[in-house]
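Work through these exercises with the sequence and the 3D view side by side. Try each task before reading its solution.

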Amino acid sequence: QQYSFPLPLPSLFLGLPPWTKPLPRSSDGLNLWAGEFEHEVLTVKPGPGSFFQDVALFHKPSKTLLLCDALLAVTPEPPAILTSEPEYTRALLFHARDDPLEVVRDSPEARRKGWRRIVILFNFFIPGAVQADVGLAPLLKLDPAFDFGWGGWQPFSWKESDEIQSFEAYSANGKPTLLPIIQIILNRGVSDGSLWRWVERVQKWEFERVVPAHLDAPLAIGPKDFAEPFDFARNGGNEVRFCDEDVALLREAERGPLAFSVAKTTLGPLTGVPCSLGSDVPRLVSRELGIRWYPK
């Protein structure tokens, strides 16, 4: 129904072929996949003029559930694909730097450190374990010859003890969860029941593993564990197990820049567990712009 968010861009802008058309909302009774698959489309209207959709595909022969963005899980070890190709390993080492032009020696610990930071940034954008300099200072340190690329651009200053605490709270030893920005979207599908109806339909399939499109896969979970991250829809709250300092930026975005694309929710803002990340250090700084932003 819509292939881009928050605005529904024309298919031509997205590189989709002219024969592209939406999946039916459900494969139930349609025999679309010759009996090999079943599917259910999740449709949530987070705000005016936009839709968010995901699809669950159940592969019957292997008892495997395939998902895109609706659920994920992560553990400290980077996926094998990231350690099997030199270019991907370089990306892990790039993110393991503590100084802009530091050439990190390859080691299992350095790879885990880079992966940990990628995951935290991917989820929270500017997490509680960093101070982000959005001014000119990081640009003045660029070196085009830097081995790991990007000129060694490093706008983030990390506090290692905080980043470990942040990752452990998010990972919970690989327990399935939701991407925070996805939970912000999905809690707009609670009042009309669309989210929980989708969860209940997916739960009827007898799958033994889940393969999400992001982070760890496959996950050895069945219908009960699959449904648990969506319990907020039944419980009437918007609490998450992550550090509250990590979700602070998203909470502010929900009140501000995202307000044009997401409607009000009855569940309240994302609220995490206080972890004392950041030690009262401003999260966003810029000497040139006079910015010293502290999350609320």
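The exercises below concern a predicted model.

**Exercise 1. The sheet**

Task: Find the order of the four strands in the open sheet, then name the edge strands.

Solution:
- Step 1. The order is S1-S2-S3-S6, and the pairing is mixed.
- Step 2. Look for strands that pair on one side only: these are strand S1 (37-47) and strand S6 (209-211).
- Step 3. Check the turn between neighbours. On average, neighbouring strands of this sheet are turned by 20 degrees against each other, direction ignored.
- Step 4. Zoom in on strand S2 (residues 50-59) and strand S3 (residues 64-66). They run antiparallel and are joined by three bridges. Leu-57 has Leu-66 of S3 opposite it.
- Step 5. Add the helix. Helix H7 (residues 194-203) lies across S1, S2 and S3. Its direction makes an angle of about 165 degrees with S1.

**Exercise 2. Salt bridges within a helix**

Task: The model has 16 salt bridges. Locate the one between Arg-90 and Glu-87, and the one between Arg-112 and Glu-109.

Solution:
- Step 1. Start with the general idea. Side chains of opposite charge can pair when their charged atoms come close.
- Step 2. Take Arg-90 and Glu-87. Their N to O distance is 3.9 Å. The two residues are three apart in helix H2 (residues 86-95), so about one helical turn separates them.
- Step 3. Judge their exposure. Arg-90 is partly exposed, because its relative accessible area is 31%. Glu-87 is exposed, at 56%.
- Step 4. Turn to Arg-112 and Glu-109. The closest N and O atoms are 3.4 Å apart. Both residues lie in helix H3 (residues 108-124), three residues apart, about one turn of the helix.
- Step 5. Judge these two as well. Arg-112 has a relative accessible area of 24% and is partly exposed. Glu-109, at 41%, is also partly exposed.

**Exercise 3. A salt bridge between helices**

Task: Are Glu-163 and Arg-116 buried or exposed? Trace their salt bridge and its network.

Solution:
- Step 1. The side chains of Glu-163 and Arg-116 meet at 2.8 Å, N to O.
- Step 2. Place the partners. Glu-163 is in helix H5 (residues 160-171) and Arg-116 is in helix H3. They are 47 residues apart, so the pair links distant parts of the chain.
- Step 3. Apply the cut-off: buried means under 20% relative accessible area. Glu-163 has 0%, so Glu-163 is buried. Arg-116 has 10%, so Arg-116 is buried too.
- Step 4. Follow the shared partners. Salt bridges join Asp-98, Lys-113, Arg-116, Arg-117, Glu-160 and Glu-163 into one network.

**Exercise 4. Inside and outside**

Task: Place Gln-183, Gly-236 and Leu-142, and state how accessible each is.

Solution:
- Step 1. Gln-183 lies in helix H6 (residues 180-186). Gln-183 is buried, because its relative accessibility is 4%. Its contacts beyond four places in sequence include Phe-232, Asn-238 and Leu-270.
- Step 2. Gly-236 sits in the loop between helix H9 (232-235) and strand S7 (239-243). At 45%, Gly-236 is partly exposed.
- Step 3. Leu-142 is in the loop between helix H4 (137-140) and strand S5 (156-158). Leu-142 is partly exposed, at 37%.
- Step 4. Look around Leu-142. It belongs to a nonpolar surface patch with Leu-136, Leu-139, Leu-140, Trp-150 and Trp-153. Together they have about 690 Å² of accessible area.

Key:
Residues numbered from 1 in each chain as written. Predicted model: local features only at pLDDT ≥ 70, side-chain atom pairs only at ≥ 80, totals over all residues. Heavy atoms only, no water. Patch = residues over 30% accessible without salt bridge, like charges linked within 9 Å, V, L, I, M, F, W, Y side chains within 5 Å. Areas by Shrake-Rupley, 256 points an atom, 1.4 Å probe, with all protein chains shown as cover. Salt bridge = Lys/Arg side-chain N within 4 Å of Asp/Glu carboxyl O. Buried < 20%, exposed > 50% of the residue type's maximum accessible area, 1.4 Å probe, protein only. Pairing = 2+ DSSP bridges. Axes fitted to C-alpha atoms, helices over the stretch in contact; angles between N-to-C directions. Contact = heavy atoms within 4.5 Å.
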